[in-house]
Amino acid sequence: MPLLGAIADDFTGATDLASMLVKGGMRTVQTIGVPKPDESVDGYDAVVVSLKSRTAPAEWACAQSLAALAWLQGADCRQYFFKYCSTFDSTDLGNIGPVADALLTALGARFAIACPAFPANGRSVYQGHLFVGSVLLSESGMQNHPLTPMRDPNLVRVLSRQTDGGVGLVPYAAVAAGPEAIRAAMRTLGKAGRRYAIVDAVSDQHLLAIGEAIADHALITGGSGIAMGLPGNFRRAGLLPASPAVAARLPALAGHAAIIAGSCSPATLGQIEEAADLPRFAIDPLITPDAQRLAADALAWVEGKLGAVPVLIAASAPPERVQMVQASLGRERAGTLIETALATIAEGLVARGVRRLVLAGGETAGAVVAKLGVQRLTIGEEIAPGVPWTFAEGTGEKLLLALKSGNFGQPAFFHDAFAMLRKS
Ligand code: ADP
């Protein structure tokens with residue numbers, strides 16, 4: 001029986017969480033969407049159900065999340081986790097607040113933490129304010145995100161706008177004092193009628209202390225960083241072996257290599273620039289506002305270029321260009337059009353023999369894995385914190401996939417990803 005049942009609001013985020021759990025010694029499987037009723041998860045310590053609910057209408061996101069929870073409850077998990085982005089990607093309409101509310105109610109629980117901190121990836125929370133590296137969230141580039149622009153760095157305020165449950169703060173001083181002080185601060189907030197606590201954390205030590213303090217919580221909400229302390233809880237309870245298992249060794253797959261990028265985050269834009277030597281095709285929805293034509297153009301371009309050197313197909317654009325696209329097509333229509341085009345391109349690439357594929361962007365990856373019929377991912381070694389290679393199985397070809405959340409990874413990420421496969 002799995003110990004932890006997680007629901008992730010996007011695909012790259014799910015992989016990021018799964019990778020964290022694997023590093024902590026939990027055998028973890030990521031499913032794409034809610035598994036079928038009879039799907040077996042025997043032999044796994046954690047199941048991460050990945051949804052594409054981050055930017056969906058709140059009602060749909062809640063219904064999907066509850067369906068995932070019901071499945072995980074059926075598998076008899078001991079604790080549940082709602083995973084969202086370490087940059088708290090959401091709008092005033094949701095979906096972090098509404099989904100967390102729905103899950104708490106379904107579990108009969110009254111209180112949960114909300115902690116997106118992931119210091120190893122430069123996400124820290126101090127006095128309730130989220131920093132990306134050395135700058136506030138609202139100055140990090142996330143203020144220009146095509147779908148979830150984050151213009152307020154104060155997470156107590158951000159989450160308060162998404163829920164009718166009160167939101168409080170477990171401040172740095174309590175977190176630095178350790179698990180007992182964190183528990184005391186949470187008790188005080190609970191007594192004061194708060195439903196959520198944003199929790200400060202600026203180091204891995206803080207994440208471990210918070211992890212210990214929430215060992216008995218029915219639901220945990222946060223980024224993957226906060227999962228760092230959970231394997232330790234299960235180990236202390238005698239539910240996990242003392243020595244961590246290692247990440248699965250993935251089978252080598254012969255076949256062509258490709259990169260598809262739909263993220264417009266500063267990190268992805270930098271990675272594309274760094275990969276200037278790769279053959280590259282840019283998707284421009286202003287010139288061609290038609291998903292099928294965009295896909296056909298890209299697939300025509302690809303002819304004769306596929307091989308061991310990855311081709312790079314990118315819709316990614318700087319903020320000014322994204323604004324022009326959105327002004328012309330509308331935010332949602334632009335996003336959907338590009339996601340459809342990139343998913344169709346991915347399908348065409350696999351039909352042409354691509355077996356090693358890097359996807360940049362959470363929504364982008366979601367659209368692609370859905371189109372490819374991927375049903376589950378086995379998590380392998382990390383290319384960057386939170387971004388492992390995975391072995392994808394489902395209704396189509398078996399593939400090696402790396403699903404990269406837009407703002408993750410080092411500048412040379414694309415090169416490093418394929419270099420790692422050559423070494424293994
Ligand atoms: P991230 O992980 O950085 O959030 P996502 O893939 O989740 O990346 O989100 C990026 C969104 O921006 C997608 O919906 C994508 O289709 C959209 N997008 C990509 N390129 C452009 C562009 N040139 N103009 C407008 N929107 C774009």
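This is a short tour of a predicted model, starting at the ligand and ending at two loops.

**Stop 1: the ligand and its pocket.** Select the ligand and show a surface around it. The space that the ligand takes up is the largest pocket. Now expand your selection to the shell, which has 20 residues. Label H145, S263, E339, E363 and T364, since these come nearest to the ligand.

**Stop 2: polar contacts through the backbone.** Keep the ligand as sticks and switch on the backbone atoms of three residues. At A315, a backbone N or O atom lies 3.0 Å from a nitrogen atom of the ligand. Next, pick G335, where a polar backbone atom is 3.1 Å from an oxygen atom of the ligand. Then move to E363, already labelled as one of the residues that come nearest; here a polar backbone atom and an oxygen atom of the ligand are 2.7 Å apart. How much of the ligand's accessible area does the protein cover? On its own the ligand has 580 Å², and 98% of that is covered by the protein.

**Stop 3: what builds the shell.** Colour by domain. Domain 1 (4-236) and domain 2 (256-423) each give the shell at least three residues. Switch to cartoon and select α11 (319-329), α12 (331-351) and α13 (362-372): each of these helices supplies at least two shell residues. If you colour the shell by residue class, you will find 8 nonpolar, 10 polar and 2 charged residues.

**Stop 4: two backbone details.** Leave the ligand and go to the loop between α2 (58-74) and β4, where D76 lies. D76 is not a glycine, yet has a positive phi of about 70°. Continue to the loop between β4 (79-83) and α3 (96-107), and select N95 there. The peptide bond from G94 to N95 is cis, with omega near 5°.

Technical notes. Residues numbered from 1 in each chain as written. Predicted model: local features only at pLDDT ≥ 70, side-chain atom pairs only at ≥ 80, totals over all residues. Heavy atoms only, no water. Near = heavy atom within 4 Å. Polar contact = N/O pair within 3.5 Å; in protein donor to acceptor, adjacent residues only side chain to side chain. Areas by Shrake-Rupley, 256 points an atom, 1.4 Å probe, with all protein chains shown as cover. 1 Å grid on protein atoms, 1.4 Å probe; cavity = no way out; pocket = protein on both sides within 12 Å on 5 of 7 lines; lining within 4 Å. Sits in = over half its atoms within 2 Å of the grid points. Helix = DSSP H or I, 4+ residues; strand = E, 2+ residues; numbered from the N terminus. Nonpolar A, V, L, I, M, F, W, Y, C, P; charged D, E, K, R; others polar. Domains from an automatic or database assignment.
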